[in-house]
Amino acid sequence: GPSEFVINGIHKDYDLTPRLSEIHIPTLFTCGRYDEMLPSDIAYYASLIDGSEVAIFEESSHSVLFDEPDKLFDLIRGFVIYNS
């Protein structure tokens, strides 16, 4: 669509949310406290995948990579090592 907030074309009705329960590998959801995707929305999607983890970056918006890079990399590193 013309923006990320207006969905049209072949993706308009594309929703795999009902299939999230089919994911059976360690899954990490992240977002910033002030992200466009609200932490409560992230928590909802994470609740559909058994054993998933959620990390909210308190000092970030959508760009956690730029707002809190050290915390992000530490989290990812720990997640990958723990789940290897």
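**View 1. Ala 43 sits in helix H1 of this predicted model.** Helix H1 covers residues 39–47. Ala 43 has a relative accessible area of 40%. That value lies between the 20% and 50% limits, so Ala 43 counts as partly exposed. Ile 56 is 13 residues from Ala 43 in sequence. In space, the C-alpha atoms of Ala 43 and Ile 56 are 9.6 Å apart.

**View 2. Ser 52 lies in the loop between H1 and strand E2.** Strand E2 spans residues 53–57. Ser 52 has a relative accessible area of 19%. Buried means under 20%, so Ser 52 is buried.

**View 3. The side chain of Ser 52 pairs with backbone oxygens of Ala 46 and Ile 49.** The backbone oxygen of Ala 46 is 2.6 Å from a polar atom of the Ser 52 side chain. For the backbone oxygen of Ile 49, the distance to a polar atom of that side chain is 3.1 Å. Leaving aside residues up to four places away in sequence, Ser 52 touches Thr 27, Phe 29 and Ala 46.

**View 4. Five residues, Leu 65, Phe 66, Phe 73, Ile 76 and Val 80, make a nonpolar surface patch.** The patch has an area of about 490 Å². Helices H2 (64–67) and H3 (69–82) each give two or more residues to the patch. H3 gives the most, with 3 residues.

**View 5. Phe 66, one of the patch residues, lies in helix H2.** The relative accessibility of Phe 66 is 66%. Exposed means over 50%, so Phe 66 counts as exposed.

Terms used. Residues numbered from 1 in each chain as written. Predicted model: local features only at pLDDT ≥ 70, side-chain atom pairs only at ≥ 80, totals over all residues. Heavy atoms only, no water. Patch = residues over 30% accessible without salt bridge, like charges linked within 9 Å, V, L, I, M, F, W, Y side chains within 5 Å. Areas by Shrake-Rupley, 256 points an atom, 1.4 Å probe, with all protein chains shown as cover. Salt bridge = Lys/Arg side-chain N within 4 Å of Asp/Glu carboxyl O. Helix = DSSP H or I, 4+ residues; strand = E, 2+ residues; numbered from the N terminus. Buried < 20%, exposed > 50% of the residue type's maximum accessible area, 1.4 Å probe, protein only. Polar contact = N/O pair within 3.5 Å; in protein donor to acceptor, adjacent residues only side chain to side chain. Contact = heavy atoms within 4.5 Å.
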